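Trainee: I would like to go through this complex step by step, starting with how the protein chains meet. Please show the model.

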Number of protein chains: 2
Amino acid sequence: MAITIKDVAKAANVAPSTVSRVISDSRHISEKTKKKVRKVMDELGYHTNLNARGLVQQSTKTLGVVLKYSESDVWKLGNLFVSEVLQGISAHCHQYGYSIMITTGSTEDEIYGDVVRMVQGKQVDGMIVLYAKKNDKVVPFLLDKAIPFSVVGKPLERMNEIMFVDNDNMQAAKDATDFLIQRNHRQIGFIGDNPTFQVIQDRVEGYYKAFEEHGLQRDASYVKFVHTPEEEGAVVEEFLIMEAKPTALVISTPLQGVGVLKALHKRGIRVPDEISLIVFNKTLITEMSIPVLTTIDTEAFQLGYEASKGVIELINNPNTFKRSVIIPTKIEPGESHRKLTEDNNSVIDVTIE
Amino acid sequence: MAITIKDVAKAANVAPSTVSRVISDSRHISEKTKKKVRKVMDELGYHTNLNARGLVQQSTKTLGVVLKYSESDVWKLGNLFVSEVLQGISAHCHQYGYSIMITTGSTEDEIYGDVVRMVQGKQVDGMIVLYAKKNDKVVPFLLDKAIPFSVVGKPLERMNEIMFVDNDNMQAAKDATDFLIQRNHRQIGFIGDNPTFQVIQDRVEGYYKAFEEHGLQRDASYVKFVHTPEEEGAVVEEFLIMEAKPTALVISTPLQGVGVLKALHKRGIRVPDEISLIVFNKTLITEMSIPVLTTIDTEAFQLGYEASKGVIELINNPNTFKRSVIIPTKIEPGESHRKLTEDNNSVIDVTIE
DNA sequence: CATATTTACGGAAACGTTTGCATAAAACCA
DNA sequence: TGGTTTTATGCAAACGTTTCCGTAAATATG
């Protein structure tokens, strides 16, 4: 059995309560006894039992994090993103002395069970949910239990009751498209995954918006979706047989980016010489590819950091305004784009930027 | 305040102890009262306070995991590996009803502090340490406190007191080299990172061993180390100016693999036409690269799974033999290698496998 | 039918803290 | 000097469980 506060008290000839107050550095204890007690604590190698403290304080200084791992390759990639978000959360938590407990479940229901256990079992003071999705039971549960929590991503409903942190996906897509338009591209394609996701819809909208603001015509035939993994080839094919085929593509995930790169490579089409690519999410993948992909950095670390910040504020003051934080995105130029000559936006006769 | 066991007891007209026994499904309670109590529990929405339980049972059913994130790019890649190990741990933990708490520190000392807090604070029943390294304070601490733990990787000392799970790196490197020798390669280079790591030394040894077993001469000039990130170019250069330049390379990390690929690409050397590559660790990176890299899969998920299994066994029975588990590696053929013709191992006149 | 055994439950201590309340000693004030 | 305030500490309850021990009722035993 480990050393308890009582052992220390006995050895130092004080009451347990005094020891407790020394630990919390209460100002009601004289410096003299503080010194004495601390010395005994050191000698005996005392360490607070956080379980006991948690019980009486009704708080564990621990945050729960809902991780959504998935077997599918599409999500394995997500892990890089998740990793980085987690590091952001970690960084902030550490700063404020919070521990992190993660979900272990792999199915929807298992994860829900984990959350219930953490929350009802009083293992955590608050939660962070990575990725908002449809028909999710977790967020409604947390709302119902009035537990402090924040969401990384945009909640689909009851947005004003929820603290969340996300990128402005519309703006980001608009920026990316602007970036290409400014480099004299006019035929710009958009490739997204599941169009039922709000993220994708926002991005498509931003993409359109860029055209409008430049007084250009929007054209839905340049917007395509890849539904099953590794089907980028088909989409690329569709683009290539178009009359006015795109000189540039905005792509919504790194995985698709690389997929497109592969499909183009197979067809002998060079990037960025013949087509420019700009891809959402700067990850190791995009940095390691040949050529290095030009990306829209979504600042995953920062997303996590802010999410953690929000929850902890909420824990310390439950009346904190449930603000939503928008993390600005940034275009990270790589080697996968180039500028077309001003008077001629064909693929011939170009200047490398 | 939440519903406690006493509330349930009162509402069901039984003693708190009875409720507790119902929860643990004790056979000393009649089916009739079990039914009755369970009904009340449901109605009141009771959930065990795991803090209180942990306090009296001296066990939290939680495992601590020591994560070593790093800012350096070399390690960002590691995150993919870490992610997968973590999933393995998660899978097993979930199966046995264990929660996972992760370290949040980013420096050596911070992480050590996290571990001390978890262990001494009685927040966890056991620990899993990812990556054994030199001058590490964590493992000695855990040994000293006699806490159940396991290590993913090979401990550098006191191996027989420690339960660990690792690959047989010597065998893996030997297999990889064999693989190339069987395909008629004779000039085979080896690229590793920090040669002070045991992993790397083991791999070099395995590499040599393959040569010996085939009755070939070992040649230290074919073994090179990349000390700083992104310096693969220099090493590649060194290889290329050799009189008998290598027709194949064994490379110790995916990051270096891609680095080498880039360096070769820059010099216009085609893979696998002019040189074959085989890389340690199958990750998303190696799968997404062009060409897909032939890899030695180290089964990260399995490493985590077994590590978790070991600790939990150790928790349930402290006398469990501290076995070390060796997870077999597997060669995953990609597109980055080819077979040379049997009578001529020059780069001319070849057959693609 | 009396005694021994089993079954089903209640009472209360224990886990290791924190904290409100009480109080003795010291310090201050008039 | 007597009373009041302040300072420093102790006592005991509370947090929500589990579990040891005791015991009445039910059942089995001879």
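Mentor: This is a predicted model. Strand β2 of chain A, residues 99-102, pairs with β2(B) in the antiparallel sense.

Trainee: Over how many bridges do β2 of chain A and β2(B) pair?

Mentor: The pairing is between one strand from each chain, β2 (residues 99-102) of chain A and β2(B). Its sense is antiparallel, and the number of bridges is three.

Trainee: Which residue in β2(B) does Met101(A) stand opposite?

Mentor: The strands concerned are those that pair in the antiparallel sense, β2 of chain A and β2(B). In β2(B), the residue opposite Met101(A) is Met101(B).

Trainee: What area is buried between chain B and chain A?

Mentor: On the contact count, 54 residues of chain B meet 54 residues of chain A. Carbon and sulfur atoms give 62% of the buried area. The area itself is about 4900 Å².

Trainee: How many salt bridges, and how many residue pairs in polar contact, does the rule find across the interface of chain B and chain A?

Mentor: For salt bridges across this interface, the rule finds zero. For polar contact, with both residues at pLDDT 80 or more, the number of residue pairs is nine.

Trainee: Which element gives the largest share of the side of chain B that touches chain A?

Mentor: The elements of chain B that give two or more residues to this side are α4 (50-57), α5 (73-95), β2 (99-102), α6 (108-120), α11 (254-266) and α12 (284-288). The largest share is 11 residues, and the element is α5(B).

Trainee: How do the residues of that side of chain B divide into nonpolar, polar and charged?

Mentor: The side in question is the one that touches chain A, with α5(B) as its largest contributor. Its residues divide into 23 nonpolar, 23 polar and eight charged.

Trainee: Turning to the DNA, what percentage of the atoms of DNA strand C within 4 Å of the protein belong to sugar or phosphate?

Mentor: DNA strand C is surrounded by 29 residues, the closest being Ile5(A), Ser20(A), Thr18(B), Arg21(B) and Thr33(B). Among the strand's atoms within 4 Å of the protein, bases account for the rest once sugar and phosphate are taken, and the sugar or phosphate part is 67%.

Trainee: Which residue has a side-chain N or O atom 3.2 Å from a base oxygen of DNA strand C?

Mentor: Two other contacts of this strand go to phosphate oxygens. One is 2.6 Å from a polar backbone atom of Ile5(A), and one is 2.5 Å from a side-chain N or O atom of Ser20(A). The contact to a base oxygen, at 3.2 Å, belongs to the side chain of Arg21(A).

Trainee: Which element gives the most to the surface near DNA strand C?

Mentor: Both chains take part: α1 (5-12), α2 (16-23) and α4 (50-57) of chain A, with α2 (16-23) and α4 of chain B, each supply at least two residues. The surface divides into 10 nonpolar, 14 polar and five charged residues. The most, four residues, comes from α4(A).

Trainee: And which element gives the largest share of the surface near DNA strand D?

Mentor: The 29 residues around DNA strand D have Ala15(A), Thr18(A), Thr33(A), Ile5(B) and Ser20(B) as the closest. Phosphate oxygens of this strand lie 2.9 Å from a backbone N or O atom of Ser30(A) and 2.6 Å from one of Ile5(B). The largest share, four residues, comes from α4(B).

Trainee: How many residues apart are Lys154(A) and Asp202(A)?

Mentor: Their side chains meet in a salt bridge, 3.0 Å from N to O. Lys154(A) is in the loop between β4 (149-152) and β5 (163-167) of chain A, and Asp202(A) is in helix α9 (residues 198-213). The pair links distant parts of the chain, and the separation is 48 residues.

Trainee: Which residue does a cis peptide bond join to Ile290(A)?

Mentor: Most peptide bonds are trans. For the cis bond at Ile290(A), omega is about -5°. The partner is in the loop between α12 (284-288) and β10 (294-297) of chain A, and its name is Pro291(A).

Terms used: Residues numbered from 1 in each chain as written. Chains lettered and ligands numbered in written order. Predicted model: local features only at pLDDT ≥ 70, side-chain atom pairs only at ≥ 80, totals over all residues. Heavy atoms only, no water. Contact = heavy atoms within 4.5 Å. Buried area = accessible area lost by both parts, 1.4 Å probe. Salt bridge = Lys/Arg side-chain N within 4 Å of Asp/Glu carboxyl O. Polar contact = N/O pair within 3.5 Å; in protein donor to acceptor, adjacent residues only side chain to side chain. Nonpolar A, V, L, I, M, F, W, Y, C, P; charged D, E, K, R; others polar. Pairing = 2+ DSSP bridges. Near = heavy atom within 4 Å.
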